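User: I have a model open and would like to know what stands behind the labels people put on it. Could you take me through them?

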Amino acid sequence: MENVNGIESPMIVDGYDNEGRWEDVKMLLERNGPFAHPDFEPGTDVFDMMRDIIKILVIGAGGLGCELLKDIALCGFQNIDVIDMDTIDLSNLNRQFLFRSKDIGKPKATVAAEFINGRIRGCNVTPHFCKIQDKDENFYRSFHIIVCGLDSVIARRWINGMLMSMLDYDEDGNVDQTTITPMVDGGTEAFKGNARVIIPGMTACIECTLDLFPPQVNYPMCTLASTPRLPEHCIEYVKVLQWSEEKPYGDVSVDGDDPEHVQWIYKQALKRSEEYKIKGVTYRLTQGVIKHIIPAVASTNAVIAASCALEVFKLATNCCKPLDNYMVFNDSDGLYTYTFKAEKKDDCSACGRIPQRLKFQHTSILQEVVNHLVQNPQYQMKAPGITTSINGKNKTLYMQSVASIESMTRPNLDKTLKELGITEGHEIAVADTTSPKPIIFRVYFE
């Protein structure tokens, strides 16, 4: 108790009665209603369970992630982890409100966790300054709900694949409910956004609706090499061609989150832009081109994060039926929002139970397989690596992500599948950055 003007009053934290600040939340959990989930059982223990037991993982501590952390913590959740691989940049401060000028250069996850822990009593946010790929299956199994505030389609596909790989099925092909970890995914692009709820194995996943994402911008190679006209052309030239030729850091791929990689590409792109008298090459634009960064608006982040936090709250407590299962938001011209049910695909490469099939001609070469995996809207792979088993021995047919292996396996691209030992119904394993585990395909000939 505090003594204020001679009168005892409850402890005040940030202007809130620490015991009473959750009264509005408790009102939703201690009584039933017409929109409640059939399994909802109101009572005082629901809030205690949500606060003390439920573990939430927030992926991303950027513009959307900061809003998510704030909203989820203010809902009453106390066991929160946040994972992010980025450090704070000056350009972040206009919308990522958990950061200050003194935090520039520090890990976003660490600073965001410290801010929330210091602001909301009892809340315990644990930071992880790393890539999502650095964590194993046991880490992700430890959470009850995962909520994403990512700016990368590849990262979304990877975590989606991880959650699908965690599922167990019984003999009849039914999902073991205890192996399901729900995911709430939010995305924003300027004045547009979306929020969705994914119940792995039960509802449409990221791969089921891959065609909903805007296509990546690709520049013609002839333009990059011969007639660049935009600053983006200079940056892309260095990233795609000059990097692989000069190998400034050895046989490694470009990492848009490595400041040394970005700085090298920026300097080389600046030289090229001066040669062609092109203005506009900056460090920020370089990083944006490398990582395919899209513009962000603070108000859109706030709306989408609020929607996602509400879905996390509903999933954790059953006080209301969750979103079924996709919401789009647009305030470019007025205000528009719409909800629809994305359909689960039986032949989905991530959550489908039907083996993936690839059909080619007898004369098809391996390059056609690679092109199909990259260009087909159903797969949209980035740099597929293909392996198989021939006569009981594992064989790498093509591996693009490692330069030394790529040069050794490049001749296979011009060979027919038959020459490589691929027969009717033969299985190949395809690894890509979009999935945590290789996808198995069966090859059939038309």
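Analyst: Happy to! Let's start with pairing: two strands pair if DSSP finds at least two bridges between them. By that rule, β14 and strand β15 (residues 393–398) pair, with 5 bridges in the antiparallel sense. One of the bridges puts Thr 388 opposite Lys 395 in β15. Please keep in mind that this is a predicted model.

User: What do β14 and β15 form, and which residue in the turn has a positive phi?

Analyst: β14 and β15 form a hairpin, with 2 residues between the strands. Asn 391 sits in that turn, and its phi is positive, at about 55 degrees.

User: How do you know that β14 also pairs with β16?

Analyst: The same kind of count settles it. Pairing needs at least two bridges, and 4 bridges join β14 (residues 385–390) to β16 (residues 426–431). These strands run antiparallel, and Thr 387 stands opposite Ala 429 in β16.

User: Let's move to β8. What makes β5 and β9 its partners?

Analyst: Bridges again, with at least two needed. Strand β5 (residues 55–59) is joined to β8 by 4 bridges, and the two run parallel. Between β8 and strand β9 (residues 183–189) there are 3 bridges, also parallel. For residue pairs, look at Leu 57 opposite Ile 146 in β8, and at Cys 148 opposite Asp 185 in β9.

User: Which way do the side chains of β8 point, and are they buried or exposed?

Analyst: In strand β8 (residues 145–148), Ile 145 and Val 147 point one way, while Ile 146 and Cys 148 point the other way. All of these residues are buried. As background, side chains in a regular strand alternate between the two faces of the sheet.

User: Why is the unit made by β8, α6 and β9 called right-handed?

Analyst: The name describes the path: with the strands pointing away from the viewer, a right-handed crossover runs clockwise from the first strand over the helix to the second. Here β8 is followed by helix α6 (residues 153–165) and then β9, and this β-α-β unit is right-handed.

User: Why does Arg 95 count as buried?

Analyst: The cut-off is under 20% relative accessible area. Arg 95 has 19%, so it counts as buried. This arginine is found in the loop between β6 (79–84) and α4 (108–119). Apart from neighbours within four places in sequence, Arg 95 is in contact with Ala 296, Ala 298 and Asn 301.

User: What makes the pair of Arg 95 and Asn 94 a polar contact?

Analyst: The distance limit for such a pair of N or O atoms is within 3.5 Å, and residues adjacent in sequence count only if both atoms are side-chain atoms. The contact here is between the side chains of Arg 95 and Asn 94, at 2.9 Å.

User: Why are Trp 22 and Thr 286 called buried?

Analyst: The limit is under 20%. Trp 22 has 8% relative accessibility, so it counts as buried; Thr 286 has a relative accessible area of 0% and is therefore buried. Trp 22 is in the loop between β4 (16–17) and α1 (23–29), and its contacts beyond four places in sequence include Phe 47, Leu 74 and Ile 120. Thr 286 belongs to helix α10 (residues 283–291), and among its contacts beyond four places are Ile 235, Val 262 and Tyr 266.

User: Which residues have the most contacts inside the largest nonpolar core?

Analyst: They are Phe 77 and Tyr 140, in a core of 83 residues. Helix α11 (residues 298–317) gives the most to this core, with 8 residues. A second, separate core has 21 residues, including Leu 373 and Tyr 398. Back at Phe 77, residues it touches more than four places away in sequence include Met 50, Ile 72, Val 312 and Phe 313.

User: Finally, how do you know that the protein is as compact as a globular one of its length?

Analyst: The protein has 13 helices and 17 strands. Its radius of gyration is 25 Å, and the globule rule gives 22 Å for 446 residues; the two are close, so the protein is as compact as a globular protein of that length. Of the 446 residues, 46% count as buried.

Key:
Residues are numbered from 1 along each chain as its sequence is written. This is a predicted model: local features need pLDDT of at least 70, side-chain atom pairs count only at pLDDT 80 or more; totals for chains, interfaces and linings use all residues. Side-chain values use heavy atoms; hydrogens and water are left out. Buried means under 20% relative accessible area, exposed over 50%, partly exposed in between (1.4 Å probe, protein chains only). Contact means heavy atoms within 4.5 Å. A polar contact is a pair of N or O atoms within 3.5 Å; within protein, one must be able to donate a hydrogen and the other to accept it, and residues adjacent in sequence count only if both atoms are side-chain atoms. A nonpolar core is a set of buried Ala, Val, Leu, Ile, Met, Phe, Trp, Tyr and Cys residues joined through side-chain atoms within 4.5 Å. The radius of gyration is taken over C-alpha atoms; the globule rule is 2.2 Å times the number of residues to the power 0.38.
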